[in-house]
Amino acid sequence: MDALDAVIEIFTWLGFIGALVLGVAAVVIWVADGTWLPAEGLVDHEDAGTFVRWYDADGDANGARVGDHDAGALEGVDRIGIWYRYGWRDRMRLSRRPPGLRAVAWAAAAALALGVVALVVSWVLLFVRG
């Protein structure tokens, strides 16, 4: 039973330390991402590519060329809600948060769940053995 206890202890520490590290990484990604504000974008489908144009909070006109992945999502769309980078020109995206943030946050939650489950199993084994 000593080997099982050691494995459960390792999973407990890996879960909690992994959750802490990944949680800090998620906060760093969120802070480094900066401020993004919502706007209504006008979609222009041109021969040179797909462009989105919008007015920012200061009333300035902005526009950005859309990547191939987002251009497929904008096919047949005239207007769309976008997020633009505050204080920058010609930077926009279709989602509020960066795509990697969700994956890191879920990984932190999974690591925390691993730590909690391993801790509970450890306690159960402690009380079962007497």
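Select Val 43 and Val 52: Val 52, in β2, is the bridge partner of Val 43. This is a predicted model, and the tour starts inside its sheet.

**The β1–β2 hairpin**

Extend the selection to residues 36-46 for β1 and 49-55 for β2. The two strands run antiparallel, and 5 bridges join them. Now pick His 45. Its bridge partner in β2 is Thr 50. Look at the turn next: β1 and β2 form a hairpin, with 2 residues between them.

**Across to β4**

Keep β1 on screen and add β4, residues 79-85. The pairing of β1 with β4 is antiparallel too, and it runs over 7 bridges. Two spots are worth a click here. Select Gly 41; the bridge partner in β4 is Ile 80. Then select Leu 42, which stands opposite Arg 79 in β4.

**On to β5**

Stay with β4 and add β5. These strands pair in the antiparallel sense over 2 bridges. Select Trp 83 to find one such link: its bridge partner in β5 is Arg 93. Now trace the connection. β4 and β5 form a hairpin with 6 residues between the strands. Stop at Gly 87 in this hairpin and check the backbone: phi is positive, near 85 degrees.

**Arg 93 and Trp 36**

Hold Arg 93 and show side chains. Where does the charged end of Arg 93 sit? It sits over the ring of Trp 36, 3.9 Å from the ring centre. So Arg 93 turns up twice on this tour, because it is also the bridge partner of Trp 83.

**The whole sheet**

Zoom out and show every strand. What is the strand order of the open sheet? Read across, the order is β3-β2-β1-β4-β5, 5 strands with antiparallel pairing. Colour the edges: β3 (61-65) and β5 (92-93) are the edge strands, and each pairs on one side only. Strands of a sheet pair through backbone hydrogen bonds, so switch those on for a check.

**The helix pair**

Hide the sheet. Select residues 2-33 for α1 and 99-129 for α3. Two packed helices are described by the angle between their axes and the distance between the axes. For α1 and α3, the angle is about 155 degrees, and the axes lie 7 Å apart. An angle over 145 counts as roughly antiparallel, and α1 and α3 are therefore roughly antiparallel to each other. α1 passes α3 in a left-handed crossing. Colour the contact by class: 22 residues are nonpolar, 6 are polar and 2 are charged.

**Last stop**

Show the aromatic rings. How many aromatic pairs does the structure hold? The structure holds 1.

Definitions and conventions: Residues numbered from 1 in each chain as written. Predicted model: local features only at pLDDT ≥ 70, side-chain atom pairs only at ≥ 80, totals over all residues. Heavy atoms only, no water. Helix = DSSP H or I, 4+ residues; strand = E, 2+ residues; numbered from the N terminus. Phe/Tyr/Trp six-rings, centres within 6.5 Å; stacked < 30°, edge-to-face > 60°. Lys NZ or Arg CZ within 6 Å of the ring centre and 35° of its normal. Axes fitted to C-alpha atoms, helices over the stretch in contact; angles between N-to-C directions. Parallel < 35°, antiparallel > 145°, perpendicular 65-115°, else oblique. Left-handed = near helix turned anticlockwise from the far one by under 90°. Nonpolar A, V, L, I, M, F, W, Y, C, P; charged D, E, K, R; others polar.
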